[in-house]
Structures are given as C-alpha cells and as structure tokens.
Amino acid sequence: MSDSVELPDASLTYIWRLAWPNIITNILLSIVSIAHLKIISPQGAAAVAAVTTGHRFFFLLQAIIIALAIAAAALVSQAWGANNKSEAEKLATTAVIIGAILAIIIALPIALFPDQVVSVFGMELEAQRLASDFVQWLALFNVAFSLNIVVSGMLRAVGDVINPLRLSMISCVANVSCSMIFANGWFGAPEMGVAGLAVGSGLAVSITTVGFLGLWHRGTFRLKAIWIDSVNLTRVKKILHIGLPVALEQGIIQASLLGFLAIVALYGTAPYAAYGIGVALLSFSFVIGLGFGIANATITGQLVGAQEFKLAKKSGWSTTGLAIGFMSVFAILLASNAESLAHLMTDDMEVITLTKNFIYILALAQPIMAIEFSLAGALRGAGDTRFPLWSTFIGLLFGRILLALIFVKLELGIYWIFSVALIDFSIKASLLTWRFQSEKWHSHKT
C-alpha cells in the first residue's frame with residue numbers, strides 16, 4: 001500500500017468533472033476526422049470514400065490496442081480504488097510495454113499488403129488505390145497512435161483526465177496542420193493528397209506522443225512509470241483475461257462496420273461518401289456518450305475496488321442519465337442544421353441529400369446509444385467485459401448485418417440500409433440495461 005488515494009462519489013458534480021475532459025478529447029478527435037474529409041473533399045467522391053474506408057480500417061487496426069487500454073484501465077482503477085498505488089503503476093507500465101509490442105505486430109501485415117486489405121470493400125478502382133495508400137501510411141505510424149491511446153487510458157483510470165486532454169489538444173492541432181501541409185504540398189512539402197493526410201497525422205502524433213512519454217517517465221503525472229519489476233506473468237495474465245473479450249468485441253464492432261460499409265458500397269460511391277460524412281458529423285454526439293462511458297468505467301472500477309457496490313450502481317445510473325440528456329440535446333442541434341452541415345462538407349448535391357437524411361436517421365438513435373456507451377463503460381470498469389462482447393455480437397449480427405443483407409435481397413433503397421442502425425443500438429441498449437440492473441457484475445471484481 002501507498003499513500004491514501006481519493007475515492008470518487010456518485011454526485012453529478014464529480015461525474016461531470018470526469019466526463020467533460022473526455023468529451024472534449026473525443027470531440028477533438030471527431031474534428032480531426034471531419035477536417036480530413038473537408039481537406040480532401042475537393043478531390044472528389046472517390047477521395048472521400050477512400051478516407052472514409054481508411055479511417056474505418058484504422059479503427060479496426062486499433063481494436064486490440066483499445067481492448068488492451070480498456071482492460072488495463074479496469075485493473076488500474078480497481079488497484080487505485082483499493083489504495084494500492086504501486087500495483088496500479090506497475091500495471092500501467094506493463095500495459096504500455098505490451099501496447100508497443102502489439103502495435104508493431106498488428107501493423108506489419110497492413111504495411112506490407114495494403115492492396116489486399118482494402119480490396120475486400122469492392123470499391124471503384126480509384127477509391128481503392130487511394131485507400132490503399134492511406135492505410136499503408138497509417139500502419140507505419142501505428143506505434144505512436146497506440147501508445148497515445150494506452151497512456152491516456154491509464155491516466156484516466158486514476159481520475160487524471162486533464163493531462164490526456166492536453167495531449168489530445170496538442171495532437172489534434174498538429175494533426176490537422178500537418179495533414180493540410182502534406183495533402184496540399186504547402187511550404188515545400190510533397191503534394192500527397194489522400195496519403196498526405198496519413199503522413200501528416202502520423203508525424204504529428206509521433207512527436208506529441210514521444211514528448212508525453214518523456215513527461216510520464218520523469219514522474220510528472222499522478223500515475224508514474226515503473227520500468228523495473230513491472231512486467232510479470234501474473235500481470236500479463238490479468239490484462240489478457242479481461243482484455244481478450246474486449247478485443248473480440250472491438251474486432252466484432254470494427255469488422256461488422258467494415259462489412260456494413262461493403263453493403264453500403266453496393267449502392268454506389270455517393271451513398272458510401274454520404275455515410276462517411278454523416279458518421280463523421282454525428283460523431284460529435286457519439287463522443288459525448290463515449291466520454292460518459294469512460295467516466296463511468298473509471299468511477300465504477302474505483303468503487304468496485306473499494307467494495308462500494310451500491311454507490312457504484314447509483315453512480316452508473318446517474319452517469320447514464322446525464323449521457324442521455326446531453327446526447328439528445330446535441331443530436332437535436334445537429335439534425336436542425338443537417339443540410340447546412342452537409343453543404344459544408346461537399347458540393348455534390350446527391351451526396352448532400354443522402355447525408356442530410358442519414359443524419360436525421362442517426363439523430364433518432366442518440367438516446368439509445370447513450371445507454372449503450374455509458375452502461376458498457378460501467379460494466380467494463382467492474383471487470384465484466386464478456387457481457388458487452390455478447391451484446392455487441394448479437395446487436396451487430398442480427399440487428400445490423402443480417403437485416404441489411406435481407407434489405408439488399410429485397411432490393412430496398414439505401415435509407416432502409418441506413419435505418420438498421422436503430423435496431424442494432426436498441427438491442428444492445430436493452431441487453432446492457434438488464435445486465436447492469438441485475439448486479440451480476442459484482443462478481444467480476446479482479
């Protein structure tokens with residue numbers, strides 16, 4: 001044991017204190033995605049489709065790293081809540097080392113065989129060529145992106161949400177600036193188009209992540225790096241035990257969304273581009289839910305570590321209520337300005353119309369998504385990572401992919417394909433609500 005640590009409470013003030021920096025961080029990341037689309041949109045629908053595919057595939061590439069960060073954060077938060085600061089720091093350091101190794105392993109085949117990877121989408125040849133260049137460059141910078149995710153996750157697990165926010169602010173500003181430079185060939189840089197977005201992003205995140213790791217190594221943050229005697233078989237097994245279901249869940253999510261993109265691609269480049277723009281715009285609402293989910297995981301993990309189960313449940317419901325309120329308001333604002341936002345992103349009238357209507361459909365799903373994001377975070381913080389896996393699998397398979405394939409078989413229009421997301425989110429939210437209310441997650445303390 002080390003010095004006493006501050007435990008969270010279930011007050012709305014405390015929840016908001018943890019949530020708002022996560023929300024701002026995620027909004028910044030969404031701004032980067034939208035900026036990439038805006039930067040590249042003058043080059044046509046094929047370029048927009050390529051960046052949409054590249055972003056989605058990059059999220060798949062990061063699925064294992066995200067799983068590692070979530071699993072380690074659950075363990076770190078519980079150790080912190082149990083007043084075992086030294087173990088929390090050793091677990092965090094172990095996660096960073098494992099993260100660097102995994103980042104190299106999972107990026108290697110993408111860097112070597114990018115054409116084969118993107119060919120599964122069946123895009124038009126020009127869009128496929130551009131997407132291939134984009135994912136190859138992203139893979140080369142995967143270690144920096146991965147360590148950014150892991151270190152930020154470890155700090156959030158102990159309630160330090162400000163330093164990850166600072167990292168994101170610096171990274172995002174540098175990301176957009178460098179992306180514009182390399183995409184457009186400014187200041188003597190080569191004009192690389194779609195590939196330039198990936199190069200600019202990679203260089204910006206690499207520089208900021210190295211600086212952040214240096215500060216962590218020097219002991220600047222609440223959670224310190226302990227390089228000696230941190231990595232051992234017991235800690236690795238703990239992380240893998242919780243992390244494998246999360247990795248499977250993330251893999252299912254990203255693979256299913258990639259499969260869904262392939263279904264959308266059957267309807268042509270314009271619907272494909274509209275889908276990418278619509279998701280990017282609505283991500284401003286999505287990330288609010290994600291921010292509350294991270295806060296819920298942190299609070300629940302620490303309270304479970306301290307054996308405060310009733311307080312953990314109260315906090316979980318309070319956080320979910322806040323998420324529903326905030327996401328609903330934000331969705332209304334976005335839907336009210338759907339056409340203006342679509343015009344801002346592209347000049348193609350077909351894409352504008354499709355994007356506007358897609359925003360309307362997804363806006364309806366925001367309160368349901370808030371439940372999914374928030375309660376899934378609470379369950380993961382408690383160490384119950386298997387149930388979110390099953391709920392995700394059931395929702396995506398039966399509520400999205402199979403239903404979309406049925407609609408394609410029936411030769412229904414693209415709006416029917418867009419609308420299956422409502423069924424997917426409803427299934428997951430219902431299952432997670434039942435699980436959290438059941439209190440079966442009490443038995444998953446690590």
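Helices, in the sense used here, are DSSP runs of H or I of at least four residues, numbered from the N terminus. In this predicted model, the loop between α9 (194-217) and α10 (233-265) contains Asp 229. The backbone at Asp 229 invites a second look, since this residue, although not a glycine, has a positive phi of about 60 degrees. With a relative accessibility of 56%, Asp 229 counts as exposed, because that value is over 50%. Glu 439 offers another example: it is not a glycine either, yet its phi is positive, at about 65 degrees. Glu 439 belongs to the segment after α17, and its relative accessible area of 33% makes it partly exposed.

Attention turns next to the aromatic residues. The structure holds 15 aromatic pairs. One of them joins Phe 387 and Trp 434, whose ring centres are 5.8 Å apart and whose planes meet at 40 degrees, a tilted arrangement. This pair links distant parts of the chain, with Phe 387 in helix α16 (residues 386-409) and Trp 434 in helix α17 (residues 414-438), 47 residues apart. How do the two partners stand in terms of burial, Phe 387 at 14% relative accessibility and Trp 434 at 46%? Phe 387 counts as buried, because its value is under the 20% limit, whereas Trp 434 counts as partly exposed, because its value lies between 20% and 50%.

Ring pairs also build a cluster, which brings together Phe 260, Tyr 275, Phe 358, Tyr 415 and Phe 418. Within this group, Phe 260 has a charged neighbour as well: the charged end of Arg 400 sits over the ring of Phe 260, at 5.1 Å from the ring centre.

The second largest pocket encloses about 170 Å³ of space. Its lining is made up of 15 residues, and those nearest the pocket centre are Ser 41, Met 345, Thr 346, Asp 347 and Asp 348. Two or more lining residues come from each of the elements α2 (45-61), α11 (269-305) and α13 (338-345). Which of the elements gives the most to the lining? That place goes to α13, with three residues. By chemical class, the lining of this pocket comprises eight nonpolar, four polar and three charged residues.

Helix α2 is also home to Ala 45, which is partly exposed at a relative accessible area of 27%. Ala 45 and Ala 270 are separated by 225 residues in sequence, but their C-alpha atoms are 6.8 Å apart in space.

Finally, the cysteines can be considered. How many disulfides does the structure hold? The number is zero. For Cys 172, the closest cysteine sulfur is that of Cys 178, and the two atoms lie 12 Å apart, too far for a bond because a disulfide needs sulfur atoms within 2.5 Å. Cys 178 is accordingly in no disulfide, the sulfur of Cys 172 being its nearest cysteine sulfur. The surroundings of these residues can be described too: Cys 172 is buried, at 7% relative accessibility, while Cys 178, at 21%, counts as partly exposed because the limit for a buried residue is under 20%.

Methods:
Residues numbered from 1 in each chain as written. Predicted model: local features only at pLDDT ≥ 70, side-chain atom pairs only at ≥ 80, totals over all residues. Heavy atoms only, no water. 1 Å grid on protein atoms, 1.4 Å probe; cavity = no way out; pocket = protein on both sides within 12 Å on 5 of 7 lines; lining within 4 Å. Points joined across faces, edges and corners; volume = space filled by probe spheres on them. Nonpolar A, V, L, I, M, F, W, Y, C, P; charged D, E, K, R; others polar. Phe/Tyr/Trp six-rings, centres within 6.5 Å; stacked < 30°, edge-to-face > 60°. Buried < 20%, exposed > 50% of the residue type's maximum accessible area, 1.4 Å probe, protein only. Lys NZ or Arg CZ within 6 Å of the ring centre and 35° of its normal.
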